[in-house]
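The report that follows describes the protein shown here, moving from the confidence of the prediction to its sheet, its cores, its aromatic pairs and two loop residues.

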Amino acid sequence: MFVTVLLLLVALSAQGGHSEETEEAQRPGHVSVIIVGATGDLAKKYLWQGFFQLYVNQVSSGNTFFFHGGGLSPADKGTPVLFEALKAVSCSKDVSQERCAVLKDQFLRLSQYRQLKTLEDYQELAKHIEQQLQEEGMTEAGRLFYLSVPAFAYADIAEKINSSCRPTSGAWLRVVLEKPFGHDFRSAQLLASHLGNSLKDEEMYRIDHYLGKQVVSKILPFRIENREFLDPIWNKHYIERIEIVVKETLDVTGRIPFYDQYGVIRDVLQNHLTEIMTLLTMKLPKNVSSNEEVLQNKLQIFSSLLPLAKNQAVIGQYQAYKSEVQQELNKTKDHVSLTPTFAAVLAHIDETQYEGVPILLTSGKMLDERVGYARVLFKNDMFCLQKHNGIHCKPKQIVFYFGHGDLQYPAILVSKNLFKPTLIDGDWKEVTEHTDVSVLGLSVSDYYVQTPTEQREAYAELISHILAGRKNSFISTENLLASWSLWTPLLSSLASSFPRIYPGGVDNGGLLDVRLKGRDISYNSEVVIISPDQVGGTSANNYQVMQGKFRSADMVSAWAEELVERLAVDIQEAAEAAVRESGVFHLALSGGSTPLALFHRLVLHHFSFPWRDTHVWMVDERCVPLTELESNFHSMHEHLLQHVRIPYYNIHPMPVQLNQRLCVEEDRGALQYEKELSKWVNGSSFHFVLLGVGYDGHTASLFPGSKVNEHGERLVALTESPVKPHQRMSLTFNAINRAHRVALLVMGKGKHELITQLSRVKDNLDKYPVTGVKPDPGTLIWYIDYDALLG
């Protein structure tokens, strides 16, 4: 699906697109700037300063401006708040105090607060703008709306702008949107669709303020200016790894209602770090100013990125986060949030140029320092016998340093054992006098260092790009959906994962250090610090894989990741034994979300699995077409079958759709599957059956109160579920209990209460159907993760 989506996006991008600086962008005239959410934190901290800087830079350009600050409050309440924010704006150092005072006074006179709540409010705004233009005899250049509001309000505001505030006579319209742009692929797609009903794509400017950081915006020009040196070494033969890191020392106090829904991956990695990754790895455009070419090259990287699975990520959460959530969201003391505040993700690009090169994306709150950088670390083939500190034996690296940290200023640093970078841009200068600081293992004196001649704030930079119509500094619809299609599967796989708890700050020590092994990433330390109330008072520090008994059957228990690893190994061992003995392995798999992590493990790590000799059967199926997302077979195909080399005739979906109808008794679909099973499976005895357990104690599609005993000798039956879709087809206990081995996989904190009840009750098929799983003479093994076992 990921590749299909990307190919479609590349095709869409090729068909359309707009040059980044149109004639409209350069046409002088009157510009109306409207900030919706003008008295919010973002506007007060960054936006008004950015627009004041724009005004200062444009005051003699031929453009005239008026600034409307919009908000939900009536004018008598909003006006004083707005003007307090306007008084705080400041001039750059090259503007004299006298001139700055004049400019600030002009800016205040050209700014006004107005309530923007209803359609009538927007209609009044449009009338006011038209009246201004007529009275002053001005030609309108365009209207710039900056939506500094929650994303749920975007579609409604865009509709109001479209219906009442569009400029006439060829003037442009630009609407700026702040992240988040959705919560996953589907929500982003839905938001894009809603916005597309009111705005053209060229009118939307989705802002990622990292693209306004001077060092980030310099990445492509730097690569182009230094092609002579970089082209020979910008590949798998020379690059050891790429690291993109943003560390923060602050917690998220005051932002919990937003942050707890999103977490660090959605807040930082999916957008900021992903954009930087594409700039570092994309094919260089012939024209760096061409929005269409830059977008095409970015999309090509997205299409080449390997899917991100659970083993390509580690997550953490600072210790105080739990209490902050309880306080700000008014939760009880036993409430536990799984939202990560730290993440490290390992990506790989499936292209010859970057094959095998690890790309590490890392960010977190409550870390030891505030710093951001992208480092390209090169392999070093030198061996220094005596002078170990010689320049040639030191790390070879290029560092794009965003700011803060020990260096304190933005810079591009190239280690002196690589090359001396070209300096073409007059906005950048070489630093020749160095303070005694170290940057990523090297003294700053061991680098060639370039820095902007004048440091500019990211929002001010991007606001100037908006006025100029420079779209390659912003996120297009295709780019956005490509990013979400990469990240959504990983986010789904991590949804029930418990983050490692870390104390915060320097006390983290090496707790968040990671180890890269092939395509996998893991914490370097096996120690897991979790508060006692999160594991039912039991110390879990040294737990790895534990074996024992549960309901008189064998039990394997571990943290979710180790548990899935163990189950995958057990299935492969069973498969290899069956193939050696009889030449074939019959595997029956359950539906639902629980086995997805197992499917990914089998695909990514069990390359020697005997798929050619394996027959895959369904334990149960929903009575929906097999092409629909709700279908168990569809999920199994998407996450497992299409990724392994299994002959198509070895795959046995349940025949829930016959004669163009679903699960009708007269169509005898259950009997058809039973005959197929009896034909292929010796004695109708599967070698391995994988089952899950529902919160209500059901297994397969055998539900409480469904009189499962009445199935008798049948192997397959139509059943009824209490939730939609109600109709199901399922193996019966007669089929399940004939298996050589049955695995019951139970994962997640939500299953703890059920596991506790099952540990106490006797067999009761009517209330807890899972108690009917008793393979004879086969073996039953419970695979229970610590979250389900300990709570």
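The confidence score used here, pLDDT, is the predictor's confidence in each residue and runs from 0 to 100. The model is predicted, and its pLDDT stays under 50 over residues 1–25, a stretch for which the model has 53 contacts beyond four places in sequence. A further stretch, residues 527–543, likewise has pLDDT under 50 throughout, and the model gives it 32 contacts beyond four places in sequence. Where pLDDT is low, the predicted coordinates should not be read in detail. For the protein as a whole, the mean pLDDT is 89, and 94% of the residues reach 70 or more.

**The sheet and its helix**

An open sheet of mixed pairing is formed by 8 strands, whose order is 21-22-33-32-29-23-24-26. Strand 21 (545–550) and strand 26 are the edge strands, each pairing on one side only. Helix 19 (residues 669–680) packs on this sheet, where it touches strand 23 (585–589), strand 24 (614–618) and strand 26, and its direction makes about 155° with that of strand 24. Within the sheet, strand 32 (residues 741–746) and strand 33 (residues 779–785) run parallel and are joined by 6 bridges; the bridge partner of V746 in strand 33 is I784.

**Nonpolar cores**

The largest nonpolar core has 107 residues, and those with the most contacts inside it are F145, L147, L269, L280, F400 and W487. Helix 11 (residues 256–281) supplies the largest share of this core, 11 residues. Beyond its neighbours within four places in sequence, F145 is in contact with ten residues' worth of surroundings that include I34, V36, Y122, L125 and I161. A second, separate core has 83 residues, among them L598, V644, A743 and W782.

**Aromatic pairs**

A search of the whole structure finds 26 aromatic pairs, and two of them are set out below.

| Pair | Centre to centre | Angle between planes | Arrangement |
|---|---|---|---|
| Y55 and F107 | 6.0 Å | 35° | tilted |
| Y318 and Y321 | 5.7 Å | 85° | edge-to-face |

Y55 lies in helix 3 (residues 41–58) and F107 in helix 5 (residues 97–109), so this pair ties together parts that are 52 residues apart in sequence. Both Y55 and F107 are buried, and ring pairs link these two residues with W48, F51, F52, F65, F67 and Y146 into a cluster. In the other pair of the table, Y318 and Y321 are also both buried.

**Two buried loop residues**

T339 lies in the loop between helix 13 (321–328) and strand 9 (342–347). With a relative accessible area of 9%, T339 counts as buried, because the limit for that class is under 20%. Apart from its neighbours within four places in sequence, T339 is in contact with Y259, D260, G263, Q317 and Y321, and the last of these, Y321, is the residue that forms the edge-to-face pair with Y318.

M654 is found in the loop between strand 26 (651–652) and strand 27 (657–658). M654 is buried as well, with a relative accessible area of 1%. Its contacts beyond four places in sequence include M618, V619, D620, E621, L626 and Y673, and also V716, M729, S730 and L731. Of these, V716 is 62 residues from M654 in sequence, while the C-alpha atoms of the two residues are 9.7 Å apart in space.

Conventions:
Residues are numbered from 1 along each chain as its sequence is written. This is a predicted model: local features need pLDDT of at least 70, side-chain atom pairs count only at pLDDT 80 or more; totals for chains, interfaces and linings use all residues. Side-chain values use heavy atoms; hydrogens and water are left out. Helices (H or I, at least four residues) and strands (E, at least two) are DSSP runs, numbered from the N terminus. Buried means under 20% relative accessible area, exposed over 50%, partly exposed in between (1.4 Å probe, protein chains only). Contact means heavy atoms within 4.5 Å. Two strands pair if DSSP finds at least two bridges between them. Axes are lines fitted to C-alpha atoms, for helices over the stretch in contact, and angles run from 0 to 180 degrees between N-to-C directions. A nonpolar core is a set of buried Ala, Val, Leu, Ile, Met, Phe, Trp, Tyr and Cys residues joined through side-chain atoms within 4.5 Å. Rings of Phe, Tyr and Trp (its six-membered ring) pair if their centres lie within 6.5 Å; planes under 30 degrees apart count as stacked, over 60 as edge-to-face and the rest as tilted.
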